Structures are given as structure tokens and as C-alpha cells.
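Please find below my note on the model you passed to me, set out as numbered points. I have kept to what can be read from the coordinates.

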Amino acid sequence: MAKGVNNSVLYTKEDLENFEKEIAEIYATGVIRAPVHLRGGREEQLIGIFRDNAIGPEDYVFGHWDSHELALLKGVPRDEVKQAVIDGKSISLCFPEYKVYCSGIVGSLMGTAAGVAWSLKNQGKKGRAFIFCGDMSAETGIFHEAVKYVTNFDLPAFYVVCDNGLSVMTDTRQVWGCDEPWFKGTKFEKKIIYFKYKNAYPHSGLGWKIKF
Ligand SMILES: Cc1ncc(C[n+]2csc(CCOP(=O)(O)OP(=O)(O)O)c2C)c(N)n1
């Protein structure tokens, strides 16, 4: 039995902000002996995506190194998410009971989400795969392949691109010589949810001690 509820109605923007603030304070003490990626400035968009798509217990959520908010919104209890981050799992949060899977490797879960969606459709099961990533991840070949596959086979997968304009400290648009993401104006947009935001935190950590 899948656990979790649609928590977009339970969490406010301030709740998500406060979670990251609390983690930032803990991280600053040095007790978390692993990378932590904090995010701020996209709370309303994420809450809206979970709410508008009624993401619930039957759905899978895939994320990457920056997924604290996703785990909370998917229904993982706050204390469990906090403890996992303290235990050093911020960049790879996995809560199978809640169908939340994350990885710190760029591009690594694009095909996994497509495969889960293929399986759900072909087994006639309920549920969809939602995979969240950044703007540079969305420019990778594996993102393109996965989106092409789920579009052409009309699989229940949605690729959510959270565009903060940066890949660590590199300007994504400058790298690709194009002002828009590659999928703008293509048929693949029906499987992509896209929004822009400005991250209130550095890419990783707090911008001091270790920076990468
Ligand atoms: C295969 C691989 N290469 C490099 C990295 C280091 N890395 C972590 S996040 C990141 C930038 C990704 O940019 P984007 O997808 O825009 O994510 P965001 O800015 O939202 O964190 C890089 C290069 C990695 N984690 N995995």
C-alpha cells in the first residue's frame, strides 16, 4: 500500500522555506558530513505543480540532489526527511514506501522515470512518474531521449524543469548559445512542465566551507 498524501495542501510556502532554513542552520554547525543542496524561491511553483496535478500516493516522484521540498510535498513526514538529511542523504533521498527516489548524478533517473511510466501503462496500473530536474539537466541527451520516448508512446511521465539559469555557477543559456530551452515550441512540451526561478541559496551548501 503506497504511503503519503497530497501534501501540497498541507505545506505553505513558509513551511518549505522554514524547512530549508532549519537545515541551513544545522548544516552550518558542521554536523552533516555530506553535501547538502538547499533551494529557495520555487516553493509556490512546486506547491502548485503538486496541487494542480493532484500528485498522490500512487504517483512516483523522482528528483536529484535538491529534493527536500519534493519529499515533503510527496508526503514523507517532515521528521523523516530532516533525519535523512542529517544522516548525509540530502543528495540521494530515497523513501520507497512513499515512491520517492532521488540521485545525485546528473541525468541518471531520466530513463528510470520513463521505464516506470512504461511499466505502469503496460500493467494497467494507476500512477504517473514525475521527475524534477534543473535547466542544465534538461539539455542533456538522456533527457531528450527519455522525453522523446514518453511522448511518442504517450506514457504517464512528466518531466518538470526547474530553471534557475545555472549549472552550478555556469550560465546554462550561454553554454548552449540559445535563449530558450531546446524543447520550446516542440511537441515534447506536452510531457514537460517548465518554470523559472531564482535560487535563494548557492548551488550547494551555504557558499562557504566547501563550494562546488
Ligand atoms: C554525471 C554528473 N556530472 C556532474 C555532476 C556535478 N553536478 C551536480 S549538479 C550539476 C549542475 C546541474 O545543473 P542543473 O541541472 O541546472 O541543476 P540545478 O542548477 O537546478 O541544481 C552538476 C554539473 C553530477 N552530479 N553528475
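The points below take up the sheet, then one helix beside it, and lastly a loop residue.

1. The model is a predicted one, and the remarks that follow should be read with that in mind. Its six strands form an open sheet in the order E2-E3-E1-E4-E5-E8, with mixed pairing. The edges of this sheet are strand E2 (94–95) and strand E8, each of which pairs on one side only.

2. Strand E1 (residues 60–63) has both of its faces covered, since Tyr60 and Phe62 on one side are buried, as are Val61 and Gly63 on the other. In a regular strand the side chains alternate between the two faces of the sheet. Buried here stands for a relative accessible area under 20%.

3. On one flank, E1 pairs with strand E4 (residues 129–134) in the parallel sense over three bridges, and within E4 the bridge partner of Tyr60 is Ala129. E1 also runs parallel to strand E3 (residues 100–102), to which three bridges join it; in E3, Gly63 has Cys102 as its bridge partner.

4. Towards the E8 edge, strands E5 and E8 run parallel and are joined by five bridges. One of the residue pairs that can be checked here is Asp163, whose bridge partner in E8 is Lys196.

5. Does the length of helix H6 (residues 141–152) agree or disagree with what is expected of it? At 1.5 Å a residue its twelve residues should span 16 Å, and because the end C-alpha atoms are 16 Å apart, the two values agree. Just after H6, Asp154 takes a positive phi of about 45°.

6. Which residues of H6 are buried? They are Phe143, Ala146, Val147, Val150 and Thr151. These residues cover an arc of only 130° around the axis, and therefore lie on the same side of H6. What covers them includes helix H5 (110–122) together with the strands E4, E5 (157–163) and E8 (192–196), so that E4, E5 and E8, which belong to the six-strand sheet, are among the elements in contact with the buried residues of H6.

7. Gly30 is found in the loop between helix H1 (13–28) and helix H2 (43–52). Is this residue buried, partly exposed or exposed? With a relative accessible area of 23%, Gly30 counts as partly exposed, because the buried class requires a value under 20%. The C-alpha atoms of Gly30 and Val168 are separated by 22 Å, and the two residues are 138 residues apart along the chain.

Note on methods:
Residues are numbered from 1 along each chain as its sequence is written. This is a predicted model: local features need pLDDT of at least 70, side-chain atom pairs count only at pLDDT 80 or more; totals for chains, interfaces and linings use all residues. Side-chain values use heavy atoms; hydrogens and water are left out. Buried means under 20% relative accessible area, exposed over 50%, partly exposed in between (1.4 Å probe, protein chains only). Helices (H or I, at least four residues) and strands (E, at least two) are DSSP runs, numbered from the N terminus. Two strands pair if DSSP finds at least two bridges between them. The expected span of a helix is 1.5 Å times one less than its number of residues. The arc is that of the directions from the helix axis to the C-beta atoms. Contact means heavy atoms within 4.5 Å.
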